[in-house]
Amino acid sequence: EEVQEILGTPPNWMARYGTLLALLAVVAMGYIAYFIEYPEVIEAGITITTTDPPKRLIAQNAGRIKEIRVENEARVMQGEVLIIFESNARVGDVLTLETRLLALGTPSDSALLAFSLPDSLVLGSLKEPLFDFYRSQENLSSYIDNPYDKYSMSQLRRKREQVQLGIRSDRARWSNLDREIDMVRSRLRRQQGLASEQLLPQNQVEETRQELLSLERMRESAESSIKRGEREIERLRAEMSGVRAGSEEMRQQASIALRESFGQLQQAVEAWVARHLIVSPIDGIVSFYSESINEQQYVEEGAGIGVVVPARERDTEGTVWLPVSKASPIEQKQQAIVRFDGYPALEYGAVIGEVKSKSQVPINGQISVTIGFPEGLVTRYGRSVDAAQEMKGEVTIILEDKRFLEYLIEPFRR
């Protein structure tokens, strides 16, 4: 009992000063917690992007590759033709047409009436919109300057017979050339097969290819002559029937029709280029997805062929997606600590960035936050990180320094 009494009786000093000491201890801890600060952070995944990302090369139409004009990883210029798909037109001739159309800009009626191309251009499917344009040209020209205005009916008939005779001659020439082209094309395919097996000199194949090109140009010239004759026949018939009228209203309608056919020709050329050519959209380095890409390879519509990486220095950024509630306290200039996948933080260190911007409109309940890197992708250890499009990592965004006391009180505020 004496032992229990001794153990159960607190010392006099504890009974007298214990409460005071406990109060002082709590006050001291609160004082320390007030001055100790710890940053409040938000952690999330980050994806690296660039302000000028690589441009993808997409096949707009299914087809077989005819020619690859550049090597993989070669430097290319904006507008440079990289890949040509098979078609019944000559690329050089189509580009000549495109250049001539662009040179006109916003043309006047006189400029449109003066526009013409050599008959020998091999334009394939673009011939029809070009001939429609020529037809509109002659229609407007008939209201401005009619060469048959003083012809008698007998003179008009004789002129019509001459034109019809020329058309028959041109059709016979076109038919002969078409048969000859088929034979030369078959011979070229055989020679290409032999040349691929090293059984025939390449220069002989090139000679046959040039012969084929010459015949195709002659056929195009004959077809253009036929179309021109047919338009002339239409004009003569209109003159003989008295349909032609010289009213200002009809002249204006003919002018509008000419401009519409010019616009349709421009659209047809743009569509042809998009379907049959892969053109570099920017200056840079071309990188094909497959090193085995080759001529005569069939490519599906919408298939990715490669990318062109911009040659100039690019600003690197990171994109972070956060829920709206989590992103609300984020502001510009807040520090961001980024650790990249593939670059262990213990070995390379972290990269310091800052909040550059925050989207105002959420997408699927998520806010996009852009992280900038004013000092580049250089870690705290002084090591550089190679920027790669879509590179992943983890980011810690430091919102503000918060007192330790606030962390203790915060649960009781809720």
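Which residue stands opposite Arg 56 in strand 9? In this model, which is a predicted one, the residue opposite Arg 56 is Val 307. I will come back to that pair when I reach the sheet.

First, the chain as a whole. There are 414 residues, and 36% of them are buried. The chain has 11 helices and 14 strands. Now take the contacts between residues with a separation of 6 or more: 80% of those in the chain join residues 24 or more positions apart. As for the surface, about 25,100 Å² is exposed, and carbon and sulfur atoms supply 51% of that area.

Now the sheet. Four strands form it, in the order 2-9-7-4. The sheet is open, and the pairing is antiparallel. At the edges are strand 2, residues 55-58, and strand 4, residues 75-76, and each of these pairs on one side only.

Let us walk across it. Strand 2 pairs with strand 9 over four bridges, in the antiparallel sense. This is where the opening pair belongs, with Arg 56 opposite Val 307 of strand 9. The next step is from strand 9 to strand 7, which pair over five bridges, again antiparallel. One example is Phe 288, whose bridge partner in strand 9 is Gly 306. The last step goes from strand 7, residues 284-288, to strand 4, with two antiparallel bridges joining them. Here Arg 75 has Ile 285 of strand 7 as its bridge partner.

Is strand 9 largely enclosed or largely open to the outside? Strand 9 covers residues 304-310, and five of its seven residues are buried, so the rest of the structure largely encloses it.

Next, helix 5, which runs from residue 127 to residue 144. Does the helix have the length we should expect, or some other length? At 1.5 Å a residue, its 18 residues should span 26 Å, and the C-alpha atoms at its ends are 26 Å apart, so the two values agree.

A number of residues in helix 5 are buried, among them Leu 130, Phe 131, Phe 133, Tyr 134 and Leu 140. The list also includes charged residues such as Lys 127 and Glu 138. Look at Glu 138 for a moment. Its relative accessible area is 18%, and the cut-off for buried is under 20%, so Glu 138 counts as buried. What does Glu 138 touch, if we do not count residues up to four places away in sequence? The answer is Arg 228, Arg 231, Glu 232 and Arg 235.

Ile 144 is also in helix 5. Again not counting residues up to four places away, Ile 144 touches Leu 113 and Arg 251. Ile 144 and Arg 251 are 107 residues apart along the chain, yet their C-alpha atoms are separated by 7.9 Å.

That brings me to the cores. As background, nonpolar side chains in soluble globular proteins tend to be buried together. In this model, the largest nonpolar core has 28 residues. Leu 97, Leu 126, Phe 133 and Trp 272 have the most contacts inside it. The elements that give two or more residues to this core are strand 5, helix 3, helix 5 and helix 8. Helix 8 supplies the largest share, eight residues.

Trp 272 is worth finding on the screen. Leaving aside neighbours within four places in sequence, Trp 272 is in contact with Ser 87, Ala 89, Val 91, Val 94, Ser 125, Leu 126 and Leu 277. A second core, separate from that one, has 25 residues, including Ala 44, Ile 46, Val 338 and Val 369.

Last, two residues in loops. Lys 333 lies between helix 9 and strand 11. Its phi is near 75°, which is positive, and Lys 333 is not a glycine. Is Lys 333 buried or exposed? With a relative accessible area of 61%, Lys 333 is exposed.

Asn 364 sits in the loop between strand 12 and strand 13. Asn 364 has a positive phi too, about 55°, although it is not a glycine. At 77% relative accessibility, Asn 364 counts as exposed.

To close, one thing to look at again. In the sheet, follow the order 2-9-7-4, and start at strand 2 with Arg 56, opposite Val 307.

How values were computed
Residues numbered from 1 in each chain as written. Predicted model: local features only at pLDDT ≥ 70, side-chain atom pairs only at ≥ 80, totals over all residues. Heavy atoms only, no water. Buried < 20%, exposed > 50% of the residue type's maximum accessible area, 1.4 Å probe, protein only. Contact = heavy atoms within 4.5 Å. Expected span 1.5 Å × (residues − 1). Core = buried A, V, L, I, M, F, W, Y, C linked by side-chain atoms within 4.5 Å. Pairing = 2+ DSSP bridges. Areas by Shrake-Rupley, 256 points an atom, 1.4 Å probe, with all protein chains shown as cover.
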